[in-house]
Amino acid sequence: MTRNLIDFVDITHKEFDELYRLCADIMKKPDKYKNVCVGKVLANLFYEPSTRTNLSFRTAMYKLGGSVIGFSDPGSSSVAKGESLKDTIVMMSNYADLIVIRNPMEGAARAASLYSRVPVINAGDGGHLHPTQTLADLTTIRMHTGGIKNLNVGICGDLMNGRTVHSLIKALSGFPDIRFYFISPRELKIPDYIRYFLDSNKQKYIEITSLEATVSSLDVLYMTRIQRERFDSESEYERHRHAYILTSGKLSDAKSSLLIMHPLPRVDEISVDVDNDPRALYFAQARYGMYIRMALIMTMLKNAPAEPRETEVGGAACVNPRCVSMFEKYLPNLTYEREGRVFCEYCDKEI
Ligand code: CP
């Protein structure tokens, strides 16, 4: 398996298959795994609020017999005194065997990986990516369908800023016969780099604004929150916050086999009257998230120690105001090229 998990595409299908099988075995025989990480330390660095990702990683490591250090509030660490991301990561890789990082800057996990001597896992970088949520999502789909193929997948809500959405789209595009229905307000459609990814992979998708018009066709409905923390103003958020509310009534024509998913937290985009619907899987999805993270921790700890990449030379500077390279000025400009177009390696914005 790859050394870091920054983007879901860092994992091959074979590796996901191995993680899934390990996850299923852990769920069946948890006692077999209770000492496999004794003596190992996980650093959980959360610069943004989290319930599921932070606490499921912590619980996963404890259930494997390991220990956890880190912070849930950067204000309680030397970040509050101005310590850079680089220095924090260099320190943490002195102490821990594995680093999990959530940060509001897009590309922060990629940047962290340049300076770490231990594997880095992206637990959410701004509105960019969230690959371990995708592990939980794919585990849920596979557990409840038997295989990830031939599915009409509706993804509804803030598709511009929803990092779980971006990682899920990239991941599902690699499976056979997936057809996407992107349901969002016009101003919150998928970002350009995801559109480019889909188009260059010849992936089928349609973009619509009505949830009601499409729900009966779907095999998976993935609801998401309007991402309040990514808007420039409260009034802009208020304009969109009630855009979609899934209720029992709206599910009357839906398939009996529909999987209703949500990465959580929800605000009001799924009414509580849906919670008792047997098709509602969002709480189970969070539970699978803990088990697949146990499998991920075990697998990544087997990796060889990392070589920091900080001496790499870069290309053009990124123009995205939310990119980590705008804030952490010592970072090299890193780019990649696809079909003659140049993208920032941290945040994937086209330059
Ligand atoms: N799904 C998810 O990332 O939840 P948290 O923000 O609570 O970690």
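A polar contact here is a pair of N or O atoms within 3.5 Å; within protein, one must be able to donate a hydrogen and the other to accept it, and residues adjacent in sequence count only if both atoms are side-chain atoms. This is a predicted model, where local features need pLDDT of at least 70, side-chain atom pairs count only at pLDDT 80 or more, and totals for chains, interfaces and linings use all residues. Residues are numbered from 1 along each chain as its sequence is written, and side-chain values use heavy atoms, with hydrogens and water left out.

**Stop one: the ligand.** Select the ligand and the residues around it (a heavy atom within 4 Å): Ser50, Thr51, Arg52, Thr53, Arg102, His130, Gln133, Pro263 and Leu264. Now look at its nitrogen atoms: a backbone N or O atom of Leu264 is 2.9 Å from one, and a backbone N or O atom of Pro263 also lies 2.9 Å from a ligand nitrogen. The protein buries 92% of the 260 Å² that the ligand exposes when taken alone (Shrake-Rupley method, 1.4 Å probe). Next, click Thr53, where a side-chain N or O atom sits 2.7 Å from a ligand oxygen.

**Stop two: the domains.** Colour 8-129 + 289-313 as domain 1 and 131-288 as domain 2; both give residues to the shell, so the ligand lies between them. These bounds come from an automatic or database domain assignment.

**Stop three: a hairpin.** Move to β10 (residues 335-338) and β11 (residues 341-344), which pair in the antiparallel sense over four bridges. Strands are DSSP E runs of at least two residues, numbered from the N terminus, and pairing takes at least two bridges. Select Arg338 to find its bridge partner, Arg341 in β11. Two residues separate the strands of this hairpin, and Glu339 takes a positive phi near 50 degrees.
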